Amino acid sequence: MKLLTFMQDGSYRLGVKTEEGVIDVQAAAAHLGVNDSALPTTIMEAIANGEQAAGSLQNLVDKVKAESGNRSYLLDELKLNLGPCVTHPNKIICVGLNYRKHAEETNSPIPQYPILFNKFNNTLTGHGHTVTLPKVSTKVDYEAELVIVIGKKTKDVSKDQALSHVFGYCNVNDLSARDLQLRTPQWLLGKTCDGFSPLGPYLVTSDEVGNPNDLKIQCFVNGEERQSSNTSDMIFHCDEIVSYISQYMTLEPGDLILTGTPEGVVLGYPEDKQVYLQDGDIVTIEIEKLGKLTNRMVQERH
């Protein structure tokens, strides 16, 4: 199932993407007279209530498919103001240098343990939104990444059981201001500017994704392919990442884990060939089964 959020009347609403259009969950339930206390009306409720919420959503989808006549609750995705596909994560945890070829292109040693850092909710934005290139940086880089969305409270889970604690997966552009990131040994400043984690367009449930470490991952800038790899090149695979982090902290439903980026980032080019993101650039992140996430870069004015 592909879930999304969209803005209407000043608040986020839950949608389900189907071949016929996006189902406005709240409007469809009201129209069809569905009285199901387990039916979520927000993405965070859908994640928190897991299989029960997914079952209720599937029942609603089936009713919609069987319905004929006026279906005003079916919306045109292209006309929606999409929000981040997860709106209020408790934690945003990132894994650095997690693709073998990316570590090699930046002349970094292969990590013995996952390199962890964090981002904050101020970095979240949705598909189709502009992202500000901050005036305090001249070296903003793109990073196509697969995101793990936790679905169950998770502490000290084994590698074998780790993926059963995952609700689903989505795309992110882990935008990075390299001049700020590398100013000190701590990367946080260069990773946490406003809008630096466009997320979406969909949150795709685990059952639909299958093996998260067998997905093609790409980044395009103004239509030109810049990154092209497969999540199989991760040094630490998704099950290992979830298990490792859960040994040190409790993961909560809705927590995001950004799993690292493959080779092809601007930082990996020779210095004389590095061209960082510019005003007006269109960046698209595409991961197999997860759709395309596109945002336009806009320079902050002095």
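Is Lys 289 buried, partly exposed or exposed, and what is its relative accessible area? Lys 289 is partly exposed, at a relative accessible area of 42%; here buried means under 20%, exposed over 50% and partly exposed in between, computed with a 1.4 Å probe on protein chains only. The legends describe a predicted model, in which local features need pLDDT of at least 70 and side-chain atom pairs count only at pLDDT 80 or more, while totals for chains, interfaces and linings use all residues. Residues are numbered from 1 along each chain as its sequence is written, and side-chain values use heavy atoms, with hydrogens and water left out.

**View 1. Strands β15, β18 and β19, with the hairpin residue Lys 289.** Helices (H or I, at least four residues) and strands (E, at least two) are DSSP runs numbered from the N terminus, and two strands pair if DSSP finds at least two bridges between them. Strand β18 (residues 282–287) runs antiparallel to β15 (residues 216–221), to which five bridges join it. Six bridges connect β18 with β19 (residues 291–299), again in an antiparallel arrangement. Thr 284 of β18 stands opposite Phe 220, and Thr 284 also stands opposite Thr 294 in β19. Three residues lie between the strands of the β18 and β19 hairpin, where Lys 289 takes a positive phi near 80 degrees.

**View 2. Backbone features at Asn 107 and at the Gly 200 to Pro 201 bond.** Most residues other than glycine have a negative phi, and most peptide bonds are trans. Asn 107, although not a glycine, has a positive phi of about 55 degrees. Asn 107 is situated in the loop between α4 (100–105) and β6 and counts as exposed, at 73% relative accessibility. Gly 200 and Pro 201 are joined by a cis peptide bond with omega about 0 degrees. The loop that holds Pro 201 runs between β13 (197–198) and β14 (203–205).

**View 3. The open sheet and the helices that lie on it.** The sheet has 10 strands in the order β4-β3-β2-β1-β14-β11-β10-β17-β5-β6, with mixed pairing. Its edge strands, β4 (74–75) and β6, each pair on one side only. Within the sheet, β10 and β11 form an antiparallel pair over seven bridges, and Ala 144 stands opposite Asn 173 in β11. Helix α9 packs on the sheet, touching β5, β6, β10, β11 and β17, and its direction makes about 55 degrees with that of β10. Helix α1 (residues 25–32) lies across β2 (11–18) and β3 (21–24), at about 70 degrees to β3. Contact means heavy atoms within 4.5 Å; axes are lines fitted to C-alpha atoms, for helices over the stretch in contact, and angles run from 0 to 180 degrees between N-to-C directions.

**View 4. Helix α9 and the nonpolar cores.** Seven of the nine residues of α9 (residues 238–246) are buried: Cys 238, Ile 241, Val 242, Ser 243, Tyr 244, Ile 245 and Ser 246. These buried residues pack against elements including α5 (159–162) and β17 (256–258). A nonpolar core is a set of buried Ala, Val, Leu, Ile, Met, Phe, Trp, Tyr and Cys residues joined through side-chain atoms within 4.5 Å. The largest such core has 51 residues, and Val 242, Leu 146 and Ile 257 are among those with the most contacts inside it. Helix α9 gives the most to this core, with five residues. A second, separate core of 33 residues includes Leu 60, Cys 94, Leu 124 and Val 147.

**View 5. Cysteines without a disulfide partner.** A disulfide is taken as a pair of cysteine sulfur atoms within 2.5 Å, and a search of the whole structure finds zero of them. For Cys 94, the nearest cysteine sulfur is that of Cys 170, 12 Å away. Cys 94 is buried, at 1% relative accessibility. For Cys 219, the nearest cysteine sulfur is also that of Cys 170, 16 Å away. Cys 219 is buried, with a relative accessible area of 0%.

**View 6. The aromatic pair of Phe 117 and Trp 187.** Rings of Phe, Tyr and Trp (its six-membered ring) pair if their centres lie within 6.5 Å; planes under 30 degrees apart count as stacked, over 60 as edge-to-face and the rest as tilted. The structure holds two aromatic pairs. Phe 117 and Trp 187 form an edge-to-face pair, 5.4 Å centre to centre, with 65 degrees between the planes. Phe 117 in strand β6 and Trp 187 in the loop between α6 (178–181) and α7 (188–191) are 70 residues apart. Phe 117 is buried, at 13% relative accessibility, whereas Trp 187 is partly exposed, at 23%.
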